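Please load the model in your viewer and keep the selection panel open. The tour below proceeds from one selection to the next and states what each one shows.

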Amino acid sequence: YDQSRAFYKKINTILASMSDGFYMLNNEWKFLYINPVAEQVLGKARNAMIGKPIWDIFPETIHTEMYHLYYQAIQEQKSQSFEVFHPILQQWYEISAHPSTEGLAVFFKNITEKRWIEEQLRYSENKLRAILDSTTDANVLVSPQYKVLCVNKVGESNMRSAWGDTVREGDNIWDYISPEITEDFKHEFELCLQGQVINKEKELTFGTQTFWFRVAYYPVYDRNNALLGVSMNSTNIDKEKRAEKLIVSSEHKLNAIYNSYTDSHILIDKNLRILSYNAIAESWALELFNKPLEIEGNFSPFIVKGTEEEFYQNFQQALAGEHIEVQRKRHFEHLQQSIWFLIRYTPVYDRENNIVGVALNSINISKIKEAEEKIALQNETLRHIAWKQSHEVRRPVANILGLALLIKEEFENKKTIHTPQYIDFLEQTTQELDTIIHQIVRLANEITEEDANLLNSST
C-alpha cells in the first residue's frame, strides 16, 4: 500500500509539473484527474470539475470534432491526435487522446505560436512562389545532393521545351544537364556550395537549336545559416546577344567608314567634352598640338592660340542650331608652317530633337588654296599677255602696215628715193614686234610650267 501511495504521488508530481495540459476521464466521461495547466486552460476550478461529466461542464463541445474523436477513441480503442481552436481563448491546441479500460487520458498543449509560424511560413512560401512565378527568369533550387527542391513556372516551361518533360520537386538535377556542360556545371555548383556567387553568359544547345542564357548560381541559407542548396537562375538573352552582335558588326562597319575619311571629325558636347573622334583627328592632334585626344577629355587645348574668340562664337551659333562653314589659315610655330582649313560647325541632335553638341569637321585645303593662288597668278599673267597683245603688239603691227602702204604707193608712183629709209623703219618695227612676241612666249611658257607643277603636286 505504501508503495502504491508513493507511486501515485510520484505520478501526480510528474503530471502536475508538466508543461502540457492533462486530464483523465473515466468510462462515464467524468473527470478523474486534472493537472494545473489543464485547470488554467479550461478556465474552471479543479474541484468544480472532478467527478462530473465533461459534456455537462462544457456542453458547447458536444457535436464538435473533439466530441466525435473522443467517442471514436473509446469505441475503437485507438489513440486520436488532432488540432482544435478554442474560440473563447482564441488559441490553438494539439490534443492527444489515449483510450484504456479505465477511460480516456487526454494530453494537450498550446500550439498557437507554432500555428502562427506555420501560417507565416505558408504565407511567405505562397508569396515567394507568386513572385518567382511572375518573373521571366527560370529559377531552380537544388539541394547539395543535387535534388530539385523548388522550381518556378518558367523553369518548368524551359525544361519541358528542352527535354519534353516537366521537372518536379525531388527529381535529380543531373537528369536535366546536357553532357557537354557536365564538367562546367559540377565545378560551378561546387564553388557555389562553398559560398561563391557565379555569374556567366552561356550559349546552350537544345536539340538542334542554340540559345544564349545569363546564368547565376547563388548559395541559399536558412535562418540558422545552414546551407539549403543552390539557387540556379537563368535568363534567356538570345535576342539581346544577337542584337548585340548586329550592333557590334554595324559599329565596326561605321568605325571603318568613319576612320577612312581623309578629313578630321570630332564630336564635342555643350561643355566642350570630347565624345568621339576619327583616326585622322587623332593623328592631327598629335602632329599639330603634340597632345592626344581623349574621350571625355576637354577640347580647349586643341583650339589654336589667338582664335579662341572666333571659335567660341561659331560654337555657340552651332549650339543655337546654325550650320557654320569658314576657311581659315592657321599658323603652327613648332612646325614653322601655316595650313589652310575648311572648318564646319554642325549641331548634333538626340532622338528627342534636342541639341546635345557640335560636330567639328576640318579639312586641309592648303593645296587647294595654293592652286587658287597659282590660278589667280596665271589669270593675272594672261591679262598681261592680253594687254600686250591689245596694246604693244598692235602698235608695231600698225607701223608695219603703214610702211607697207607707203612702199606700195612709191612703187606705184615709181618714186624710190625714200625706199631705204622705209626699209630701216620696217626692220626696226619688225625687231620691236619680235621682242614683244618673245615676251608673250616666255609668259606663256611660265604658265605652262606652273600648270605642270600644279598637276604633279595634285597627283
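Helices and strands are here DSSP runs, of at least four residues for a helix (H or I) and at least two for a strand (E), numbered from the N terminus. The model is a predicted one.

**The whole chain**

Begin with the complete chain in a cartoon representation. It contains 14 helices and 15 strands. Of its 459 residues, 33% count as buried. Among contacts between residues at least 6 apart in sequence, 39% join residues at least 24 apart.

**Two loops with positive phi**

Select Trp-29, which lies in the loop between strand 1 (21-26) and strand 2 (31-34). Although Trp-29 is not a glycine, its phi is positive, at about 70 degrees. Its relative accessibility of 10% places Trp-29 among the buried residues.

Proceed to Gln-77, in the loop that separates helix 5 (65-76) from strand 3 (80-86). Here too a residue other than glycine has a positive phi, in this case near 50 degrees. Is Gln-77 buried or partly exposed? With a relative accessibility of 45%, Gln-77 counts as partly exposed.

**Strand 7 and the cysteines**

Next, display Leu-149, a residue of strand 7 (residues 148-151). Leu-149 is partly exposed, its relative accessible area being 36%. Show its surroundings: leaving aside residues up to four places away in sequence, Leu-149 touches Leu-141, Val-142, Ser-143, Glu-169 and Leu-228. For one of these, Glu-169, the separation from Leu-149 is 20 residues in sequence and 5.2 Å in space, C-alpha to C-alpha.

Now select Cys-150. Cys-150 has a relative accessible area of 18% and is therefore buried, the limit being under 20%. Cys-192 is buried as well, with a value of 0%. How many disulfides does a search of the whole structure find? The search finds zero. In general terms, a disulfide is a covalent bond between the sulfur atoms of two cysteines.

**The five-stranded sheet**

Select strands 11 to 15. These five strands form an open sheet in the order 12-11-15-14-13, with antiparallel pairing. Strand 12 (274-277) and strand 13 (324-332) occupy the edges; each has a single partner strand, so one side of each is left without a neighbour in the sheet. From one strand to the next, the twist averages 25 degrees. As background, strands of a sheet pair through backbone hydrogen bonds, either parallel or antiparallel.

Restrict the view to strand 11 (residues 264-269) and strand 15 (residues 355-364): six bridges join this antiparallel pair. Within it, Ile-266 stands opposite Leu-360 of strand 15.

Two helices may now be added to the view. Helix 10 (residues 279-289) packs on the sheet and touches strand 11, strand 12, strand 13, strand 14 (337-349) and strand 15. The direction of helix 10 makes about 90 degrees with that of strand 11. Helix 11 (residues 308-319) also packs on the sheet, in contact with strand 11, strand 13, strand 14 and strand 15. Its direction makes about 130 degrees with that of strand 15.

Turn then to the other pairing of strand 11. Three bridges join strand 11 to strand 12, and the two run antiparallel. Ile-268 has Ile-274 of strand 12 as its bridge partner. The two strands form a hairpin with four residues between them, and Leu-272 in the turn has a positive phi of about 65 degrees.

**The cavity**

Finally, switch on a cavity display. Rolling a probe the size of a water molecule over the atoms shows where empty space is left. The count comes to one cavity of 30 Å³ or more, and the volume of the largest cavity is about 370 Å³. Which residues lie nearest its centre? They are Phe-289, Phe-299, Phe-302, Leu-360 and Ser-362, out of 22 residues that line the cavity. Strand 11, helix 10, helix 11, strand 13, strand 14 and strand 15 each supply at least two residues of the lining. Helix 10 gives the most, with five residues.

Close the tour on Ser-362, which belongs to strand 15. Ser-362 counts as buried, at 15% relative accessibility. Apart from residues up to four places away in sequence, Ser-362 touches Asp-263, Ser-264, Trp-284, Phe-341, Leu-342 and Ile-343.

Terms used:
Residues are numbered from 1 along each chain as its sequence is written. This is a predicted model: local features need pLDDT of at least 70, side-chain atom pairs count only at pLDDT 80 or more; totals for chains, interfaces and linings use all residues. Side-chain values use heavy atoms; hydrogens and water are left out. Two strands pair if DSSP finds at least two bridges between them. Axes are lines fitted to C-alpha atoms, for helices over the stretch in contact, and angles run from 0 to 180 degrees between N-to-C directions. Contact means heavy atoms within 4.5 Å. Buried means under 20% relative accessible area, exposed over 50%, partly exposed in between (1.4 Å probe, protein chains only). A disulfide is a pair of cysteine sulfur atoms within 2.5 Å. On a 1 Å grid over the protein atoms alone, a cavity is a set of points where a 1.4 Å probe fits but cannot get out, and a pocket is an open set with protein on both sides within 12 Å along at least five of seven lines; lining residues have an atom within 4 Å of a point. Grid points are joined across faces, edges and corners, and a volume is the space filled by probe spheres set on the points.
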